[in-house]
Amino acid sequence: STPIDTSKVLFKNITSGLFDDVARKAAEKIAENKNSNKPTQLRRFYDEIVMWENKASLNPNKFPEYLPFVRMINAKAAYALGRKLVDDNYVRLIADCLKQVETFNDLRHFKLFMEAFMGFYKEKRPKE
C-alpha cells in the first residue's frame, strides 16, 4: 500500500480541517491494513499521549522535562512495528506528529488530533 501522506498534519497554524478531514483521511489510510493496527494497540499509544498532555497541563513549566519522554513514543512505536502490532504508516504518522511537538500547545494539538483520529478509526474498525 502507498505511504501515508502527513503533509496536512500540522500543529503550528491549525486549519479548520485538522480534526476533521485530515484526521479522517489518516484513520482511513491506517485502517486499510487489516493485519495490523488493532484498535486496542492504537488505544495504548493514544492513552499515553493523553497522559503526557494531562501532566503538562497540570505543570506547564515542566513541559521541557516531559518532552524527551513524549518523544520516546517514537521508540515504543518502533518496538510495536518490530512485533508487527502496528505498520509503517502508523509509525510514520506518530513520528511526523512528534517532531512538531515543541511546546505545550503543540502537544495539545497532537492530543486533539489523535482523539479525532481514534474516533474515525473506531468507525472504520469497530469490532476489534
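In this predicted model, the protein is built from six helices and has zero strands. Read from the N terminus onward, the order of elements is therefore simple to remember: α-α-α-α-α-α.

The overall dimensions come next. The C-alpha trace spans about 40 × 35 × 25 Å along its principal axes. A compact globule of 128 residues would have a radius of gyration near 14 Å, and the value of 14 Å found for the protein agrees with this. Of the 128 residues, 45% are buried. Contacts also tell something about the fold: among those between residues at least 6 apart in sequence, 78% join residues at least 24 apart.

The surface can be described in a similar way. The accessible surface comes to about 7100 Å², and carbon and sulfur atoms account for 54% of that area. As for charge, there are 23 positive and 17 negative side chains, with the centres of the two sets lying 4 Å apart.

Two of the helices are worth following along the chain. Helix α1 covers residues 18-31, a run of 14 residues. From its first C-alpha to its last, α1 reaches 18 Å, close to the 20 Å expected at 1.5 Å a residue. The buried residues of α1 are L18, V22, A23, A26, A27, K29, I30 and A31. These buried residues pack against α2 (39-58), α5 (88-98) and α6 (104-124).

Helix α6 has 21 residues, which should span 30 Å at 1.5 Å a residue; the end C-alpha atoms of α6 are 30 Å apart, so the two values agree. Buried positions in α6 include the aromatic residues F110, F113, F117, F120 and Y121. Also buried in this helix are D106, L107, H109, K111, M114, A116 and M118. The cover over the buried residues of α6 includes α1, α2, α3 (63-71) and α5.

The loops hold two further points of interest. Most residues other than glycine have a negative phi. N37, in the loop between α1 and α2, has a positive phi, near 55 degrees. K84, in the loop between α4 (73-82) and α5, also has a positive phi, near 60 degrees. Are these two residues buried or exposed? N37 has 0% relative accessibility and therefore counts as buried, since buried means under 20%. K84, in contrast, has 66% relative accessibility and counts as exposed, because the cut-off for exposed is over 50%.

Note on methods: Residues numbered from 1 in each chain as written. Predicted model: local features only at pLDDT ≥ 70, side-chain atom pairs only at ≥ 80, totals over all residues. Heavy atoms only, no water. Helix = DSSP H or I, 4+ residues; strand = E, 2+ residues; numbered from the N terminus. Rg over C-alpha atoms; globule rule 2.2 N^0.38 Å. Buried < 20%, exposed > 50% of the residue type's maximum accessible area, 1.4 Å probe, protein only. Contact = heavy atoms within 4.5 Å. Areas by Shrake-Rupley, 256 points an atom, 1.4 Å probe, with all protein chains shown as cover. Lys, Arg positive; Asp, Glu negative; His and termini not counted. Charge placed at Lys NZ, Arg CZ, Asp CG, Glu CD. Expected span 1.5 Å × (residues − 1).
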